[in-house]
Amino acid sequence: MPVDQSHTSSPSIRVRFAPSPTGLLHVGGARTALFNWLFARHSGGTFILRIEDTDRTRFDANALRDILDSLRWLGLNWDEGPDVGGPHAPYLQSERLHIYREHAQQLLASGHAYYCFCSPERLDSLRSQQSIQTGYDRRCRNLSTSQVQRELDARTPYVIRFKMPLDGTTDFHDLIRGPISYPNTQQDDFVLLKTDGFPTYHLANVVDDHLMRISHVLRGEEWIPSTPKHVRLYDAFGWSPPVFAHLPVILAPGGGKLSKRHGAAAVAEYRALGYLPDALVNFLALLGWSLGPDRELASRDELIREFSLENVSKTAAQFNHEKLNWMNATYIRSLPLNQLAALVWPYLAQAGLVSDATPLDSIFPALKLAQERMQLLSDAVPQMRCFLADEIDYDPAAVKKFLSHHAVASHLRALMQRFAAIPDSHFTPAYLEPVINAYVAESGQSLKHVVHPLRVAVTGKAASPGIFETLACIGKRRTIARIAYALEHFAPTLPQSQ
RNA sequence: GGCCCGUUAGUCUAGUGGCUAGGACGCAUGGUUCUCAUCCAUGAAGCAGGAGUUCAAUUCUCCUACGGGCUGCCA
């Protein structure tokens, strides 16, 4: 077994997931959270949830609730966070404003930052005049003390900007990608503190990561270009930076950004559709990481045991719905009936197939048949409808194909009579099979010529579980009623005698 | 445009300076069978292209192409 160096050499591994509550938690964010969580759990470290709500214009209380709900649903429990607290509370950045202001002042005092009085309008026109984007022109970088004081006295709105080095490079090491180097001429004098007194991501993120003693920053690769800013900030504060590991992004099927256009993107949507959290976790874990050769399925504990940043891949991965569906189906099949019944219940209830008065175990027989035919929990509704509902819909194509032949009516009539003769308590697969086989033999038909029409008559569909199980599950009363209905409505009328 | 990151079948991936480049999803065919699903078996399908280093490159280096990201008082 490989020895995990990071575990032995640094006893306090602390990682964080730091979402911004501006929208529902999407699968990309969930994957980032998952890798942080797996890394923390694997190493016996601490997983922290920090909410980066520093953008007041985009804040969404709904999103905040959704992020917590979705993470909980996925089972990614956090050790410190806005709701559970912790030694570095608060974990909501909007409640830590004074900390960022103090730190901005500190950088001002040490000469690493400066007041900028440029208006948004000026910056806009600056940008529109630039044929190539070169960022802020640093107009306020060298204002004299008296000029600054004059503006301050005049109460001119300002931001505080960071003084990036004007030449040289900023280098850092990425655990997944190795050394990365950026020319400083590419870097802007980015804003630390906005006019409204809120910090930007860069300031708040660095300050909090330091204060919260974050040891490893695992985040999406879209953050690579701003890492030099962060490295410079750590430097200016005199702090040593955490280990950086930038995770590959998740792309939509076919490439490109993940969005609604490509189907579900939010965790909540997958949840509503009937995916199991274990399946989604397993699937997401395999996007950008692998268990090693020949392994796809793994429980949470196995994922935790096996997880390592060493084998996180560098390449962006496309989200593949077919594989997720396959995985969800295998997880569904592995569930004990009582658990599956509870999970499927809300869907059945919503479809009116069960009510509060329905005993849970009453759906077990039907569920057992549906179980290996479901990919989503919601599939229970179409799969189980013919077993749980009195009324069923008939698929016109199936009716046309299997109920329109002349021999059908006589078969159905004969079977209906024989079924009627079976005692209620014997209406079981084991009892039905010989009954039907006997009829098939007597009538000189092949089994399928009898079974297919029967199936359509009692289920309304051309496909169903095995006919004997299906009949038994539907029950004697409904079976006979449906055959009668089919005879009356679909089967061609034939002379009584045959 | 500039900068940065990346490139193994359609997709997710394993892997090595020398192997028939392995697995999974999906797809195809066959088996089981009353249909569907499951299950089993088999098959098609890949190292982006070009230089170089080397006895030998999918593996190392460079270039090109392609993909992605950043270039905000968003995160």
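Start by selecting Y114: across from it, in β4, stands R161. Both belong to a predicted model, where local features need pLDDT of at least 70, side-chain atom pairs count only at pLDDT 80 or more, and totals for chains, interfaces and linings use all residues. Residues are numbered from 1 along each chain as its sequence is written, chains are lettered from A and ligands numbered from 1 in the order in which they are written, and side-chain values use heavy atoms, leaving out hydrogens and water.

Now widen the selection to β3 and β4 (residues 159-162), which pair in the antiparallel sense over four bridges. A strand here is a DSSP run of E with at least two residues, a helix is a run of H or I with at least four, and both are numbered from the N terminus; pairing takes at least two DSSP bridges between two strands.

Add β7 and you have an open sheet of three strands, in the order β3-β4-β7 with antiparallel pairing. Its edge strands, β3 (113-116) and β7 (191-193), each pair on one side only. From one strand to the next the twist averages 40°, using lines fitted to C-alpha atoms and angles from 0 to 180 degrees between N-to-C directions.

Next, colour RNA strand B. Which residues come nearest to it? Of the 63 around it, those are K194, T195, G288, E372 and S464 ("near" means that a heavy atom of the residue lies within 4 Å). The surface near RNA strand B divides into 27 nonpolar, 17 polar and 19 charged residues; Ala, Val, Leu, Ile, Met, Phe, Trp, Tyr, Cys and Pro count as nonpolar, Asp, Glu, Lys and Arg as charged, the others, Gly among them, as polar. Elements that each supply at least two residues of this surface include α5 (120-129), β4 and β6 (178-183).

Flip to the RNA side: of its atoms within 4 Å of the protein, 72% belong to sugar or phosphate and the rest to bases. For individual pairs, zoom in on K194, with a polar side-chain atom 2.6 Å from a phosphate oxygen of RNA strand B. T54 has one 2.8 Å from a phosphate oxygen, whereas for R373 the partner is a base nitrogen, at 2.6 Å.

Last stop: β8 (residues 216-220) and β9, paired in the parallel sense over five bridges. H216 stands opposite V243 in β9. Strand β9 (residues 243-247) is largely enclosed by the rest of the structure, because four of its five residues are buried (under 20% relative accessible area, 1.4 Å probe, protein chains only).

Notes:
Polar contact = N/O pair within 3.5 Å; in protein donor to acceptor, adjacent residues only side chain to side chain. Buried < 20%, exposed > 50% of the residue type's maximum accessible area, 1.4 Å probe, protein only.
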